[in-house]
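Here's a quick walk through a protein fold, from the sheet to the ring contacts and the internal voids. Keep the viewer open while you read.

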Amino acid sequence: MPYERTWKIAPNRGADVTDPKSPGAYPNDAARATASWLRCQVPRPEAELCLICLPHAGGSASFYKDWPRLLPEGIEVRAVQYPGREDRFDEECTDDMDVMADAVARAVLGLGDRRFALFGHSMGAAVAYETARRIERVHQTEPVKLIVSGRHAPHQAVHGDVHLRDDDAVVDELVRLGGTDGVLLRDPEMQSVFLPVIRSDFRLAETYRHTPGTELRCPVTAVIGDSDPEVDEVQASGWASHTSGAFALHTLPGDHFYLTPERDALLDLVTRELGAAKPVGRA
């Protein structure tokens, strides 16, 4: 669950710009939730499908900022903005999976009757799964597909203690996973700003425990890096037991953070999995 390389404290100026905290800005609670949690760099109201992207631990919505221009025009990308970062920097972090998934589900439902799919990487994969469960169970609708990246299956509880370690040890773990070179986070002032959020995300991911029950109806696709130290093909294959729909597993070159160097290959795969047209030209 690596730290995002380019975490910006300043508001994401390319996102939806209406302030979700402004009284009267939105007609109902669902619309307010959508505006608060989902960022859309390139609005495509006529798109056939909305792809909801959930970041890894320590990540933010801007991690997916390049995806809209690299995906077909038939897909609108909306990235989840967790509390405590970028334009939600002044909000308390959420380290409880139930609270997080409930909030994201409300935001997705605020999109109305639009068709949608979910993509989540690492911690984001677990949040995406729990979000999909809530939407299917409570609201009797379902995603077109759930795509989980760099994450073992939910029933495979992996007990971690990174969130309990001292600051230097947390940074060491981030460096090990390949998300950062650690230079920024060795600075005490930077640690005071960023590490509380990162620690909160690790706490959410490491304390999450799957509750057995009704599983998904939607198809699930798992994607991992072939040298990911956090998940192997056997663990990723376990996602098949969490849906009555179709399941597919794909492996790309790279470690836990494979989706940065293999971005184009991943987006080609996502496009095929969603049954969309060919991606637009690469930059």
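## The sheet and its core strands

Let's start with strand S2, whose side chains alternate: Leu49, Leu51 and Cys53 point one way, Cys50, Ile52 and Leu54 point the other way, and all of them are buried. Bear in mind that this is a predicted model. With 6 of its 6 residues buried, S2 is largely enclosed by the rest of the structure.

What does S2 pair with? It pairs with S3 in the parallel sense over 5 bridges, and another 5 bridges join S2 to S4, again running parallel. If you want to find these pairings in the viewer, look for Leu49 opposite Ile75 in S3 and for Ile52 opposite Leu118 in S4.

Strand S6 (residues 220-225) is mostly covered too, with 6 of its 6 residues buried. Val220, Ala222 and Ile224 point one way from S6, while Thr221, Val223 and Gly225 point the other way, and all are buried. S6 runs parallel to strand S5 (residues 146-149), to which 4 bridges join it; Ile147 has Thr221 as its bridge partner there. S6 also pairs with S7 in the parallel sense, over 6 bridges, and Ala222 has Leu249 as its bridge partner in S7.

Here are those pairings side by side, plus the one that brings in S1:

| Strands | Sense | Bridges |
|---|---|---|
| S1 and S3 | antiparallel | 2 bridges |
| S2 and S3 | parallel | 5 bridges |
| S2 and S4 | parallel | 5 bridges |
| S5 and S6 | parallel | 4 bridges |
| S6 and S7 | parallel | 6 bridges |

Put together, 7 strands form an open sheet in the order S1-S3-S2-S4-S5-S6-S7, with mixed pairing. Strand S1 (38-39) and S7 stand at the edges with a single partner strand each, so one side of each has no neighbour in the sheet. S1 runs antiparallel to strand S3 (residues 75-80), and Arg39 stands opposite Ala79 in S3.

## Ring contacts

Now for the aromatics. How many aromatic pairs does the structure hold? There are 6. One of them is Tyr64 with Phe119, an edge-to-face pair at 6.2 Å centre to centre with 85° between the planes. Tyr64 lies in the loop between strand S2 (49-54) and helix H2 (67-70), and Phe119 lies in strand S4 (residues 116-121), so this pair ties together parts that are 55 residues apart in sequence. Both rings belong to buried residues: Tyr64 has a relative accessible area of 1%, and Phe119 comes in at 0%.

Tyr129 and Trp239 make another pair, with ring centres 5.6 Å apart and planes at 80°, so this one is edge-to-face as well. Tyr129 lies in helix H4 (residues 123-139) and Trp239 in the loop between helix H7 (233-237) and strand S7 (247-252), so the pair ties together parts that are 110 residues apart in sequence. Tyr129 is buried at 0% relative accessible area, and Trp239 is buried at 1%.

Which residues do ring pairs link into a cluster? Phe63, Tyr64, Trp67, Phe119 and Phe257. As for how Phe119 sits relative to Tyr129, their C-alpha atoms are separated by 9.2 Å, with the two positions 10 residues apart along the chain.

There's also a charge-over-ring contact to look at: the charged end of Arg88 sits over the ring of Trp37, 4.3 Å from its centre.

## The voids

Finally, the empty space. Searching the whole structure turns up 2 cavities of 30 Å³ or more.

The largest cavity holds about 50 Å³ of space. Its lining has 10 residues, of which Arg39, Gln41, Tyr64, Val77 and Ala79 lie nearest the centre. Two of those names should ring a bell, as Arg39 and Ala79 stand opposite each other across S1 and S3. By class, the lining has 6 nonpolar, 2 polar and 2 charged residues.

The second largest cavity has a volume of about 30 Å³. Which residues line the second largest cavity? Ala126, Arg151, His152, Ala153, Pro154, Tyr208 and Trp239. They divide into 5 nonpolar, 1 polar and 1 charged. Trp239 thus turns up both in this lining and in the edge-to-face pair with Tyr129.

Notes: Residues numbered from 1 in each chain as written. Predicted model: local features only at pLDDT ≥ 70, side-chain atom pairs only at ≥ 80, totals over all residues. Heavy atoms only, no water. Phe/Tyr/Trp six-rings, centres within 6.5 Å; stacked < 30°, edge-to-face > 60°. Buried < 20%, exposed > 50% of the residue type's maximum accessible area, 1.4 Å probe, protein only. Lys NZ or Arg CZ within 6 Å of the ring centre and 35° of its normal. 1 Å grid on protein atoms, 1.4 Å probe; cavity = no way out; pocket = protein on both sides within 12 Å on 5 of 7 lines; lining within 4 Å. Points joined across faces, edges and corners; volume = space filled by probe spheres on them. Nonpolar A, V, L, I, M, F, W, Y, C, P; charged D, E, K, R; others polar. Pairing = 2+ DSSP bridges.
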